[in-house]
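Work through the exercises below with the sequence and the model side by side. Each task is followed by a solution in steps.

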Amino acid sequence: MTVLTVLSVALLLTILLLAAWSLHKVRAAHLLLYELRDEVRRDAGQHFRQLEALHALYVELQLDKSLPPTRGWAASPDFLIELARHAREARPATVVECSSGTSTVVLARTLQLNGRGKVYSLEHDPLYAQQTRDLLARHGLADWAVVLDAPLEPIAFGNANYQWYRAAVLPALPAIDMLVIDGPPQAVGRLARYPAGPVLLPRLAPGGALFLDDAARPDEQEAVQRWVAEFTDLAATTRPCEKGCAVLLRPAVSAAAIAA
C-alpha cells in the first residue's frame, strides 16, 4: 500500500468520523429543540390554568380589592380555588392554617360569604404575620381570621426531632373542620410539615378535611403516607394543582358508630 493510499484512507475515515459526529450533534440539537418546544407549551398551558383559577377566585369571592402575588413561595391560584370551593360547600366553623398569607385572606373571605366560621393561622415569622393582618384589615376581614404568632420550636415524634409551630398558641377550640397545611418552609428540615399530623389530626372533626400544598414534593408525599398509616380512618386523594395538592378526608360517621 502506497503512502498516498494510506493518506487517502486516513482522510476518508476522518471525514466519516466528522460526519458521524456532526449527525450526532444535529440530532442532539433537534431533541433539545423538541424538549424546549414541549416545555414552552407546558409552561404556557400552566400559566393559562393559573390565570383561569385566579379569575375564578375574584369572581366566586366577589373581591373588590387585589390579592397579593401568588405562585412561587405563595400558594398558587389553583390551590387557593380548591380551598375556597371546599369551604363554600362544607361551610366549616373552625379552620386552622399552618402559614399565613393570601390563603388566609381567601379562607376568611369565604367564611364571610358563608356568614359563619373563623380562621386561625399559625405563623412563625412576625413580619409575615403582620403583613397578613394588614391584608385582612385591607379587605375588611379582620373579624373572620386571626393570625397567631407561633415561633418554630423543637418537637419530637418517635426517634425523630422536628421544628414546628408552637401549637400552644391555639386557643381552646371545638373540633377543627378544615386544616390547611402550607408550612413550615421546606428549608426548616426534612419532613418539616409532618408534625401537623400528630398535632392536629386528632382534633379533626368527623367530615373534616385536610388540604396540603406542595404535595408533589417527596417530603410531603412521605408525610401523607405516614398520616394515612397513623390515622387509618382518613381517605387520601389528590387534586391536579400546579405544585400538588393532597386532601385527607375524615368520614362524617365513623366505622365504630356505624357498627354500633
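**Exercise 1. A proline in a loop**

Task: find the loop that holds proline 184, and state whether the peptide bond before it, from glycine 183, is cis or trans.

Solution. Proline 184 belongs to the loop that runs between strand S6 (176-181) and helix H5 (196-200). Helices (H or I, at least four residues) and strands (E, at least two) are DSSP runs, numbered from the N terminus. The bond that joins glycine 183 to proline 184 has an omega near 0 degrees and is cis.

Before going on, note that this is a predicted model, in which local features need pLDDT of at least 70 and side-chain atom pairs count only at pLDDT 80 or more, while totals for chains, interfaces and linings use all residues. Residues are numbered from 1 along each chain as its sequence is written, and side-chain values use heavy atoms, with hydrogens and water left out.

**Exercise 2. Another proline of that loop**

Task: describe the surroundings of proline 195, which is placed in the loop between S6 and H5.

Solution. Step one is the accessibility: proline 195 has a relative accessible area of 0% and is buried. Buried means under 20% relative accessible area, exposed over 50%, and partly exposed in between (1.4 Å probe, protein chains only). Step two is the list of partners: with residues up to four places away in sequence not counted, proline 195 touches Ile155, Phe157, Tyr162 and Trp164. Contact here means heavy atoms within 4.5 Å. Step three is a distance: glutamine 163 is 32 residues from proline 195 along the chain, and their C-alpha atoms are separated by 8.6 Å.

**Exercise 3. Positive phi outside glycine**

Task: compare the location and burial of arginine 91 with those of serine 99.

Solution. Take arginine 91 to begin with. Its phi is positive, near 55 degrees, in a residue other than glycine. Arginine 91 sits in the loop between H2 and strand S1 (94-98), and its relative accessible area of 36% makes it partly exposed. Now take serine 99. Its phi is also positive, about 95 degrees, although serine 99 is not a glycine. The loop between S1 and H3 contains serine 99, which counts as buried at 17% relative accessibility.

**Exercise 4. Helix H3**

Task: check the length of helix H3 (residues 102-114) against its number of residues, and explain why it is described as largely enclosed.

Solution. The expected span of a helix is 1.5 Å times one less than its number of residues. For the 13 residues of H3 this gives 18 Å, and the end C-alpha atoms are 19 Å apart, which agrees. For the second part, eleven of the 13 residues are buried, so H3 is largely enclosed by the rest of the structure. Among the buried residues are Val105, Val106, Leu107, Ala108 and Leu111, together with Arg109 and Asn114.

Threonine 102 serves as an example from H3. Threonine 102 is buried, with a relative accessible area of 7%. Leaving aside neighbours within four places in sequence, threonine 102 is in contact with Leu67, Pro68, Pro69, Thr70 and Leu80. After H3 comes glycine 115, whose phi is positive, near 80 degrees.

**Exercise 5. The two pockets**

Task: give the volume of the largest pocket and of the second largest pocket, then describe their linings.

Solution. On a 1 Å grid over the protein atoms alone, a pocket is an open set of points where a 1.4 Å probe fits, with protein on both sides within 12 Å along at least five of seven lines; lining residues have an atom within 4 Å of a point. A volume is the space filled by probe spheres set on the points, which are joined across faces, edges and corners.The largest pocket has a volume of about 670 Å³. Its lining comprises 29 residues, and Trp73, Ala74, Ser99, Ser100 and Tyr128 lie nearest its centre. H3 and helix H4 (126-138) are the elements that give two or more residues to this lining, and H4 gives the most, with four residues. By class, the lining of the largest pocket has ten nonpolar, eleven polar and eight charged residues. Ala, Val, Leu, Ile, Met, Phe, Trp, Tyr, Cys and Pro count as nonpolar, Asp, Glu, Lys and Arg as charged, and the others, Gly among them, as polar.

The second largest pocket holds about 160 Å³ of space. Twelve residues line it, with Arg49, Ala53, Asp78, Ile81 and Pro240 closest to its centre. Helix H1 (3-60) and helix H2 (77-90) are the elements that give two or more residues to its lining, and H1 gives the most, with six residues. The lining of the second largest pocket divides into five nonpolar, two polar and five charged residues.
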